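Let's take a walk through this protein together, starting with its cysteines and ending with the places where its helices meet. Keep the model open in your viewer as you read.

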Amino acid sequence: FCFQLFLGDTNRTISETPMNQASSRSHCIFTIYVEARKAGEDVMRRSKLNLVDLAGSERASKTGIDGTTLKEAKYINLSLHYLEQVIIALQERSMGINRPHIPYRNSMMTMVLKDSLGGNCRTVMVANINPDQSQLDESISTCRFAMRVALVRNQVMLNEEVDPSLIIRRLKQEIRDLREEMRLVKGEAEDRGPLTPDEIKRLSEQVEAYCADNSPEATLNLGGSMLFIRAAFDAFRKLVRAGGVVGPAGVSQKLLSGGGENGNAAGPDMAEQLRKLRLQVQQRDNEINILVGMLKRRDAAGGAGGAAPGAAGGMMMGG
């Protein structure tokens, strides 16, 4: 970025005039294009930044220039005149005056800056003036031009569009997936031999990356090939037997023992939960033992109470 800006600035023509020892003999426009897209989305945001350095206008009667320098000053003043016409037309439109036509096509510079003048943009202008008394007319003219630019109204909105290439790529992938699913459902045989060692190694790496990814959006795309599905199950079985996988950072993450980064954090919680469960089981055993003892005492008391009323009744009947 800085190199391109420096390279463009070195290509500008500079010459000495009575008003400026290092006068720029041309305008300079540096355009930056910015594109942004969120992961997994087809919508693209585009923006453009125009950095413009306008050459200063000169009065030929004051400078007393001639030859090539005078010809360059004519072209500079003419392009600034066309730019001023566009600014005046935009100012009148912003004031409510009916201006259906904006003369953007009068010069190449106004065509390039069309998006930055009265369009979907934010425009900032920095005006440089000379406080010297002899340059008062040029300073006043520059301030008037800056005032006209300040009165231009822009309509700012997001430049969002759908990227066709992303849609085509996504649709092609969906077509491939659907064809593989159809072949899997129909049970069609594949026109190929067994998996190569490179394919098995690549599939094992995909399985390990899938197991190491803690994101809920993690996916493992095996297509519709039964060869890859069986190989993936074999890779899962090897990982389970080995007891862990190697994560992206090279850290071993245990599948069975709960080790690794997440296992270390969950280990104390699991031990505390296990201790609470053991206490609950012990409490339930104590309660059951208490209930069994109460039932035994009740049965014993019920048997003794049944014999006493029978004896009393016999005594009553005998009387």
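A disulfide here means a pair of cysteine sulfur atoms within 2.5 Å. By that test, the structure, which is a predicted model, holds zero disulfides. Two cysteines are worth finding in your viewer. Cys121 has a relative accessible area of 12%, and it is therefore buried, since buried means under 20%. Cys211, with a relative accessible area of 22%, is partly exposed. We will come back to Cys211 shortly, when we reach the helix it belongs to.

Now step back to the whole chain. Its secondary structure comes to nine helices and seven strands. There are 319 residues in the protein chain, and buried residues make up 21% of them. How are the contacts spread along the sequence? Among contacts between residues at least 6 apart in sequence, 56% join residues at least 24 apart.

With that overview in mind, turn to a pair of helices. Helix H3 spans residues 68-94 and helix H5 spans residues 136-150. Their axes come within 8 Å and cross at roughly 45°, so H3 and H5 are oblique to each other. The crossing of H3 past H5 is left-handed. Which residues of H3 and H5 meet there? From H3 come Leu83, Glu84, Ile87, Ile88 and Gln91, and from H5 come Phe145, Arg148 and Val149. Sorted by class, the residues of this contact are five nonpolar, one polar and two charged.

The next stop is the pair formed by helix H7, residues 197-212, and helix H8, residues 226-242. These two pack at an angle of about 60°, with their axes 9 Å apart, and H7 and H8 are therefore oblique to each other. Is the crossing of H7 and H8 left-handed or right-handed? It is right-handed. On the H7 side, the contact is made by Glu199, Leu203, Ser204, Val207, Glu208, Tyr210 and Cys211. H8 answers with Phe228, Ala231, Ala232, Ala235, Phe236 and Leu239. By class, the contact of H7 with H8 has 10 nonpolar, one polar and two charged residues.

Here is Cys211 again, then: this partly exposed cysteine is one of the H7 residues in contact with H8. If you would like to trace both helix pairs yourself, try selecting Ile87 of H3 with Phe145 of H5 as landmarks for one contact, and Val207 of H7 with Ala235 of H8 for the other.

Note on methods. Residues numbered from 1 in each chain as written. Predicted model: local features only at pLDDT ≥ 70, side-chain atom pairs only at ≥ 80, totals over all residues. Heavy atoms only, no water. Axes fitted to C-alpha atoms, helices over the stretch in contact; angles between N-to-C directions. Helix = DSSP H or I, 4+ residues; strand = E, 2+ residues; numbered from the N terminus. Parallel < 35°, antiparallel > 145°, perpendicular 65-115°, else oblique. Left-handed = near helix turned anticlockwise from the far one by under 90°. Contact = heavy atoms within 4.5 Å. Nonpolar A, V, L, I, M, F, W, Y, C, P; charged D, E, K, R; others polar. Buried < 20%, exposed > 50% of the residue type's maximum accessible area, 1.4 Å probe, protein only.
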